[in-house]
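Me: I would like to go through this structure with you. Could we begin with the terms and then take the features one by one?

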Amino acid sequence: MKQQIFISGIGTSIGKTVCAAVLTRLWGADYWKPIQSGDLHYSDSMLVRELTGRHTIIHPECYRLRLAASPHESAAAENLQIALADFELPDTPRPLVVEGAGGLFVPLNEEAFIIDLISKLSIPAVLVVRDYLGCINHSLLSVAALQQRNIPLRYLVLNGSFNPHSERIICRAVGSATAILRIPDLESLSSQEIDRIYRDLIDKIK
């Protein structure tokens, strides 16, 4: 079965784009960011291309919004309204890495959230976690929300160094069907670092 996954996180600035670059490089996958809010001069799609190489196929965003805010606010600033019906998976024979915006309950409009988009696309999730005060609560709430929606959690990604007490509780919250990946802290945000990490993961991930 072709690998298709949706990367979300337990919050913002968690490392979703780095994780997306690693998995894109690992699988030789296409990359798609459905919504870009802000940073249009240096978008996540641009960063993934920079980190993975010019041969990576980057599918265009459905929405490129100028305001760096949640998508529902960014769209409203441009007199737009985002609808779930606007999104369809790109047609590609290759594996596909989809990256969301923020966490699972970032609003797309007044009623729908990122988690609803994952359900609509019907692909498994990847949850990216970083260690900070409150990460246990945010992680367990995110895992519970995915379970409640019957969205398979394919990978739990521990991004960066972790307090073993936090790591133990978070990892215990996922079932045996969820693989746990560890991405070390980057020495630099570069393609060389992405290559180093993906080579370390080759024997650990399918």
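Reply: Certainly. A residue is called buried when its relative accessible area is under 20%. The model in view is a predicted one.

Me: Taking that cut-off, is Y155 buried or exposed?
Reply: Y155 has a relative accessible area of 6%, so Y155 is buried.

Me: Which aromatic residue does Y155 pair with?
Reply: Overall, the count comes to 3 aromatic pairs. In one of them, Y155 is paired with W27; the ring centres are 6.1 Å apart and the planes make 35 degrees, a tilted arrangement.

Me: Where in the chain do these two residues sit?
Reply: W27 belongs to helix 1 and Y155 to strand 8 (residues 153-159), so the pair links distant parts of the chain, 128 residues apart. W27 also counts as buried, because its relative accessibility is 15%.

Me: What about the pair of Y63 and F87?
Reply: Y63 and F87 form a tilted pair, with 6.0 Å from centre to centre and 50 degrees between the planes. Y63 lies in strand 5 (residues 63-65), while F87 is in the loop between helix 3 (71-77) and strand 6; 24 residues separate them along the chain.

Me: And are those two buried or exposed?
Reply: Y63 counts as buried at 12% relative accessibility, and F87 is buried at 0%.

Me: Back to helix 1. How many residues has it, and what is its span?
Reply: Helix 1 covers residues 16-27, which is 12 residues, and reaches 16 Å from first C-alpha to last, close to the 16 Å expected. After helix 1 comes G28, which has a positive phi, near 60 degrees.

Me: Why is helix 1 described as largely enclosed?
Reply: Of its 12 residues, 11 are buried, so helix 1 is largely enclosed by the rest of the structure. Among the buried residues are K16, T17, V18, C19 and W27.

Me: Changing topic: what volume does the largest pocket have?
Reply: The volume of the largest pocket is about 610 Å³. It is lined by 28 residues, and the closest to its centre are S13, K16, T17, D44 and E99.

Me: Which elements give two or more residues to that lining?
Reply: They are helix 1, strand 3 (35-37), helix 2 (44-52) and strand 6 (96-103).

Me: How do the lining residues divide by character?
Reply: The lining of the largest pocket has 12 nonpolar, 9 polar and 7 charged residues.

Technical notes. Residues are numbered from 1 along each chain as its sequence is written. This is a predicted model: local features need pLDDT of at least 70, side-chain atom pairs count only at pLDDT 80 or more; totals for chains, interfaces and linings use all residues. Side-chain values use heavy atoms; hydrogens and water are left out. Helices (H or I, at least four residues) and strands (E, at least two) are DSSP runs, numbered from the N terminus. The expected span of a helix is 1.5 Å times one less than its number of residues. Buried means under 20% relative accessible area, exposed over 50%, partly exposed in between (1.4 Å probe, protein chains only). On a 1 Å grid over the protein atoms alone, a cavity is a set of points where a 1.4 Å probe fits but cannot get out, and a pocket is an open set with protein on both sides within 12 Å along at least five of seven lines; lining residues have an atom within 4 Å of a point. Grid points are joined across faces, edges and corners, and a volume is the space filled by probe spheres set on the points. Ala, Val, Leu, Ile, Met, Phe, Trp, Tyr, Cys and Pro count as nonpolar, Asp, Glu, Lys and Arg as charged, and the others, Gly among them, as polar. Rings of Phe, Tyr and Trp (its six-membered ring) pair if their centres lie within 6.5 Å; planes under 30 degrees apart count as stacked, over 60 as edge-to-face and the rest as tilted.
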